[in-house]
Amino acid sequence: CGWHTYRHADPCNREKRLRGCWAIVTGASSGIGLEFSRRLASLGCNVVMISNQDTLEKCATDLGVLYNVKALPLYLDLTDSNAVASITEFLDRRDITPRLLINNAGIFDFKAVNDLSESRINLYVDLHVRSLTHLSRTIAQRMSRNGVKGYILNMSSMSCWMPMPGIALYSATKAYIRAFSRALRIEVKELGVSVTVACPGGIATNLFGLPPKLQRLGVKLHALDTPQRFVKKALRRTLQGRAQYINGGLNRMAIVTVASLPEWARLIIKTRLLD
């Protein structure tokens, strides 16, 4: 597909240029990942949808039919040591070089580290750190090697600034994603690849286990963002070549407020909410 980037180009025009291109989305069968896939398909972008959920094939089929694009399901456990090699093989067989990679797959628990199993701890590290690192590197190399001016969007979280009890593994691994993405951005910029990291606050999805009623209430109170609104803005910031995106002024204020809490306040959170 033809792709020309202009520093001051209308972001809507940038989105239109995705038509006929390829994108990869991980965690693509639910939540934000599915919404990214839907948004891209609606823009005429073909999507490789990666997930280990049983609903993946139906999601891909539905999007392909609805928007008349190629939506290819790749059922895969990203924590498998051969996952990135499997993705590369999948792309090679179809001669696909993506213009866009969205590393969205993630997990969340509100539990003390002592209450997490060894396998669950390994899952955090394998999914948020090892898999994301190798996939970002591999796809950036592929874009550069094939002369593609590409984009990578890595999903961190505003909790990366908030080392709070109950989310130690989540916030720590999300902090890695932010630091890694900001540094990788500089390393691959001269290769024609732009890396953006998104650090969203609460999104009205099932990731945090909130029931639908509380999700709707959170959206009404502007405490939560809708997946549709977040995805639209995050995608535009990515195509504009921005380094980082945090959704909402309240979230930016919350980062400063919560991150500056003294230890005694964090202990109260632990005893009242966690214990």
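Which elements do the buried residues of α3 pack against? The legends below take up this question first and then move to other parts of the predicted model.

**Close-up 1. Helix α3 and the elements that its buried residues meet.** The buried residues of α3 pack against α2 (31-42), β2 (46-51) and β3 (71-75). Helix α3 itself covers residues 56-67, and its 12 residues reach 17 Å from the first C-alpha to the last, close to the 16 Å expected at 1.5 Å a residue. Its buried residues are L56, C59, A60, L63 and G64. Seen down the axis of α3, these buried residues fall within an arc of 125°, so they line one face of the helix. The face turned away from this buried side carries the exposed residues E57, K58, V65 and L66. Just after α3, N68 takes a positive phi of about 55°.

**Close-up 2. The open sheet of 7 strands and its edges.** The strands follow the order β3-β2-β1-β4-β5-β6-β7, and their pairing is parallel. The edge strands of this sheet are β3 and β7 (244-245), each of which pairs on one side only. For the chain as a whole, the secondary structure comes to 10 helices and 7 strands, and 50% of its 275 residues count as buried. Among contacts in the chain with a separation of 6 or more, residues 24 or more positions apart account for 67%.

**Close-up 3. Strand β1, with buried residues on both of its faces.** In a regular strand the side chains alternate between the two faces of the sheet. In β1, W22, I24 and T26 lie on one side and A23 and V25 on the other, and all of them are buried. The strand is thus described as mostly covered, with 5 of its 5 residues buried. β1 pairs with β2 in the parallel sense over 5 bridges, and within this pairing I24 stands opposite V48 of β2. Helix α2 lies across β1 (22-26), β2, β4 (100-103) and β5, and it runs at about 170° to β1.

**Close-up 4. The pairing of β5 with β6, and helix α8 on the sheet.** Strands β5 and β6 run parallel and are joined by 6 bridges. G150 has V193 as its bridge partner in β6. Helix α8 (residues 227-239) packs on the sheet, where it touches β4, β5, β6 and β7, and its direction makes about 135° with that of β5.

**Close-up 5. Helix α6 and its packing against α5.** Helix α6 (residues 168-189) has 22 residues and reaches 32 Å from its first C-alpha to its last, close to the 32 Å expected at 1.5 Å a residue. Its buried residues are L169, Y170, S171, T173, K174, I177, F180, S181, L184, R185 and V188, and they pack against α5 (118-145), β5 (150-155) and β6 (193-198). Two packed helices are described by the angle between their axes and the distance between the axes. For α5 and α6 the angle is about 10°, and their axes are 10 Å apart. The two helices, α5 and α6, are therefore roughly parallel to each other. On the side of α5 the contact is made by I121, Y124, H128, V129, L132, T133, S136 and A140, and on the side of α6 by L169, Y170, T173, K174, Y176, I177, F180, L184 and V188.

**Close-up 6. The surroundings of S181 in helix α6.** S181 has a relative accessibility of 1% and therefore counts as buried, since the cut-off for a buried residue is under 20% relative accessible area. When residues up to four places away in sequence are not counted, S181 touches N154, V195 and V197.

**Close-up 7. The surroundings of I269 in helix α10.** Helix α10 comprises residues 263-274, and I269 lies in it. With a relative accessible area of 22%, I269 is partly exposed. When residues up to four places away in sequence are not counted, I269 touches M164, P165, L261 and L274. I269 and G166 are 103 residues apart in sequence, and their C-alpha atoms are 9.0 Å apart in space.

Technical notes:
Residues are numbered from 1 along each chain as its sequence is written. This is a predicted model: local features need pLDDT of at least 70, side-chain atom pairs count only at pLDDT 80 or more; totals for chains, interfaces and linings use all residues. Side-chain values use heavy atoms; hydrogens and water are left out. Helices (H or I, at least four residues) and strands (E, at least two) are DSSP runs, numbered from the N terminus. The expected span of a helix is 1.5 Å times one less than its number of residues. Buried means under 20% relative accessible area, exposed over 50%, partly exposed in between (1.4 Å probe, protein chains only). Contact means heavy atoms within 4.5 Å. The arc is that of the directions from the helix axis to the C-beta atoms. Two strands pair if DSSP finds at least two bridges between them. Axes are lines fitted to C-alpha atoms, for helices over the stretch in contact, and angles run from 0 to 180 degrees between N-to-C directions. Angles under 35 degrees count as roughly parallel, over 145 as roughly antiparallel, 65 to 115 as roughly perpendicular and the rest as oblique.
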